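Trainee: Could we go through this model together? I would like to understand how its descriptions are justified.

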Amino acid sequence: MVMSASWTAEFRRELGALYQDLDAEIAQAGPVCQASGRCCRFQEYGHTLFLSQAEADLLLEPGMPAGSVVSEAGCPYQIGGKCTARERRPIGCRIYYCDPNFQDQQQPITERFIARLKRMHEQIGRDWRYRPLIDFLREAPPPPALSSDSAGLVVLNELS
Ligand code: SF4
């Protein structure tokens, strides 16, 4: 993917730092993840993943996985029930937990980190474009077709 001129190394570092701070705060709150994969199967569980332009740039940087499908149903990076983009996943993915004991904390943490991310966009003049993931997926280069080698890998992933 071709990055805009505003996608600077410094901005990438800042975004990485924001994700680290968010992960640390969530770890402190200690929500339980039952690895159900529900957070990534949007249509089935009735939610929408929103993210900003810069988050989408980072998430989609290596392209979509071979053979993945662009659909409102789910995320192409979920393979075999697991996230294959953990280091690049946006705020919405980091903060979404099914744990009922975490629900009250989710909203205020989200608001603080979204406000920080929005300020970062403003500082570099980057469009905010806070949209559902499907919009960014449709704009991105389509996923490459599966080769016979990668088809085997997907089967292995699904079995793991
Ligand atoms: S980036 Fe990862 S955590 Fe986020 S929706 Fe996709 S597979 Fe799930």
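Trainee: Where is Tyr-97 placed?

Mentor: Tyr-97 belongs to the loop between helix H4 (91-95) and H5. Keep in mind that this is a predicted model.

Trainee: Which residues is Tyr-97 in contact with, leaving aside its neighbours within four places in sequence?

Mentor: They are Ile-26, Pro-31, Val-32, Cys-33, Phe-102, Gln-103 and Gln-106. To count as a contact, heavy atoms must lie within 4.5 Å. As for Arg-38, its C-alpha is 9.1 Å from that of Tyr-97 in space, while 59 residues separate the two in sequence.

Trainee: Now to the helices. Why are H1 and H5 called roughly antiparallel?

Mentor: The axes of H1 and helix H5 (residues 103-124) cross at roughly 170 degrees and come within 11 Å. Angles over 145 degrees count as roughly antiparallel, so H1 is roughly antiparallel to H5.

Trainee: What residues meet there?

Mentor: From H1 they include Phe-11, Leu-15, Leu-18 and Glu-25, and from H5 they include Ile-109, Arg-112, Phe-113 and Met-120. The contact of H1 with H5 divides into eleven nonpolar, three polar and five charged residues.

Trainee: And what makes H1 and H3 roughly perpendicular?

Mentor: Helix H1 (residues 9-29) packs with helix H3 (residues 53-60) at an angle of about 95 degrees, and their axes are 11 Å apart. The range for roughly perpendicular is 65 to 115 degrees, and therefore H1 and H3 are described that way. On the H1 side, Phe-11, Arg-12, Leu-15 and Tyr-19 make the contact, and on the H3 side Ala-54, Glu-55 and Leu-58. Five of these residues are nonpolar, none polar and two charged.

Trainee: Let us finish with the ligand. How do you know which residues surround the ligand?

Mentor: A residue needs a heavy atom within 4 Å of the ligand. The residues around the ligand are Cys-40, Phe-42, Leu-59, Cys-75, Tyr-77, Gln-78, Cys-83, Arg-89 and Cys-93. This shell divides into seven nonpolar, one polar and one charged.

Trainee: In which pocket does the ligand sit?

Mentor: The ligand sits in the largest pocket. For that, more than half of its atoms must lie within 2 Å of the pocket's grid points.

Notes: Residues numbered from 1 in each chain as written. Predicted model: local features only at pLDDT ≥ 70, side-chain atom pairs only at ≥ 80, totals over all residues. Heavy atoms only, no water. Axes fitted to C-alpha atoms, helices over the stretch in contact; angles between N-to-C directions. Helix = DSSP H or I, 4+ residues; strand = E, 2+ residues; numbered from the N terminus. Parallel < 35°, antiparallel > 145°, perpendicular 65-115°, else oblique. Nonpolar A, V, L, I, M, F, W, Y, C, P; charged D, E, K, R; others polar. 1 Å grid on protein atoms, 1.4 Å probe; cavity = no way out; pocket = protein on both sides within 12 Å on 5 of 7 lines; lining within 4 Å.
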